[in-house]
Amino acid sequence: MEVATDTALPESRRLEREAVVRCQRGDARAFRVLVERYQRLAYSVALGLVGCHDDALDLSQEAFVRAYQHIRLFDPERPFLPWFYQLLRNLCFNHLRARRAQRLQALEEVENGELDVATELDYDPEVIVERNETAQRVWRAIGRLPDKYREIIVLRHFQQLSYTEMAALLFLPLGTVMSRLYHARRALKALLEREQGGDPHEM
C-alpha cells in the first residue's frame, strides 16, 4: 500500500494517515504518533465515563492495544479518532456493566447477611478528578446517568467537543446528538435537584 501525498489534507491528518499505513506495514514505532496524539483525550474520556483514575488508565491503554492489534482492518483514508473512540467507549461500557454486576452481587450478599460493608455500594468520590464538594456531587450525579447520557455530557462539557465532532465520534446524526444532550442535561439536573431535596420536575 502506497502512502498518498494528498497536499489538500491538513498536515496533522496527513501525518496520522502515514502513521497508520506504516503500522499496517509492520512498523510498530509509528503507532507512537497516534498514542501521543490521542492519549490525553482517551484518558480523560475514560475517566469521565468510569469515574476512576486507575480504571481510566487501564482502559485507555487497553484501547490503544486493541487498536494496534486491529490496525490492519482500519481504512487509513478515514480519520483515526472515530474508529479508536468506538473501541474505547465499548471497553468503558463493558467495564461499567461488569462493575454494576459486581455491585448487584454485593447487594445480594448484604441482603443475605453475607456482607456487612455498606461502602461497597457507594460511588467512591475519591476517584473523581474534581476536589471540592460541589464538583463531587456533580460527578456522583453523572455517575448515576445512563451510559449514553453520561457519555454525551462528558464529550460536550468536559472535552468541549462541538456537536459536529460528537456526531462524528458517535456515528450519530447531528439532530440525535442535540436531542440526546438535551435529555442528558435534564436528567442530570433532576438528579442534582433530587439530591438537594428539591423538586426534579420544576425545570
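Colleague: What share of the contacts in the chain with a separation of 6 or more comes from residues 24 or more positions apart?

Modeller: 58% of them, where contact means heavy atoms within 4.5 Å. This is a predicted model, so to speak of its limits: local features need pLDDT of at least 70 and side-chain atom pairs pLDDT 80 or more, while totals for chains, interfaces and linings use all residues. Residues are numbered from 1 along each chain as its sequence is written, and side-chain values use heavy atoms, with hydrogens and water left out.

Colleague: How many helices and strands are there?

Modeller: The chain has eight helices and zero strands, which reads as α-α-α-α-α-α-α-α along the sequence. Both are DSSP runs numbered from the N terminus: H or I of at least four residues for helices, E of at least two for strands.

Colleague: And what percentage of the chain is buried?

Modeller: Of the 203 residues, 39% are buried. The cut-offs in relative accessible area are under 20% for buried, over 50% for exposed and partly exposed in between, with a 1.4 Å probe and protein chains only.

Colleague: Take α5. Which of its residues are buried, and what do they pack against?

Modeller: A135, R137, W139, A141, I142 and G143 are the buried ones. They pack against α2, α6 and α8.

Colleague: What length does α5 reach?

Modeller: Helix α5 covers residues 133-144, 12 in number, and spans 17 Å from its first C-alpha to its last. That is close to the expected 16 Å at 1.5 Å a residue, the expected span being 1.5 Å times one less than the number of residues.

Colleague: Next, α7 and α8. At what angle do their axes cross?

Modeller: At roughly 100°, with the axes of α7 (residues 163-170) and α8 (residues 174-196) coming within 9 Å. That makes α7 roughly perpendicular to α8, a label for angles of 65 to 115 degrees. The axes are lines fitted to C-alpha atoms over the stretch in contact, with angles from 0 to 180 degrees between N-to-C directions.

Colleague: Which residues make that contact?

Modeller: From α7, Y163, T164, M166 and A167; from α8, L174, V177, M178, L181 and R185. By class, there are seven nonpolar, one polar and one charged residues.

Colleague: What about A168, buried or exposed?

Modeller: A168 sits in α7 and is partly exposed, at 39% relative accessible area. Its C-alpha is 9.7 Å from that of W83, 85 residues away in sequence.

Colleague: Where are the residues with positive phi, Q160 and F171?

Modeller: Q160 is in the loop between α6 (147-158) and α7, and F171 is in the loop between α7 and α8. Phi is near 55° for Q160 and near 55° for F171. Most residues other than glycine have a negative phi.

Colleague: Are those two buried or exposed?

Modeller: Q160 is exposed at 55% relative accessibility, and F171 is exposed at 51%.

Colleague: Switching to the start of the chain, what does C23 touch?

Modeller: Leaving aside neighbours within four places in sequence, C23 is in contact with A30, F31 and I71. C23 is in α1 and is buried, at 3% relative accessibility. Its C-alpha lies 10.0 Å from that of Q69, 46 residues apart in sequence.

Colleague: Where is D27, and what does its side chain reach?

Modeller: D27 is in the loop between α1 (11-24) and α2 (31-50). Its side chain reaches the backbone nitrogen of R29 at 3.1 Å. The side chains of D27 and R22 also form a polar contact of 2.9 Å.

Colleague: What counts as a polar contact?

Modeller: A pair of N or O atoms within 3.5 Å; within protein, one must be able to donate a hydrogen and the other to accept it, and residues adjacent in sequence count only if both atoms are side-chain atoms.

How values were computed: Angles under 35 degrees count as roughly parallel, over 145 as roughly antiparallel, 65 to 115 as roughly perpendicular and the rest as oblique. Ala, Val, Leu, Ile, Met, Phe, Trp, Tyr, Cys and Pro count as nonpolar, Asp, Glu, Lys and Arg as charged, and the others, Gly among them, as polar.
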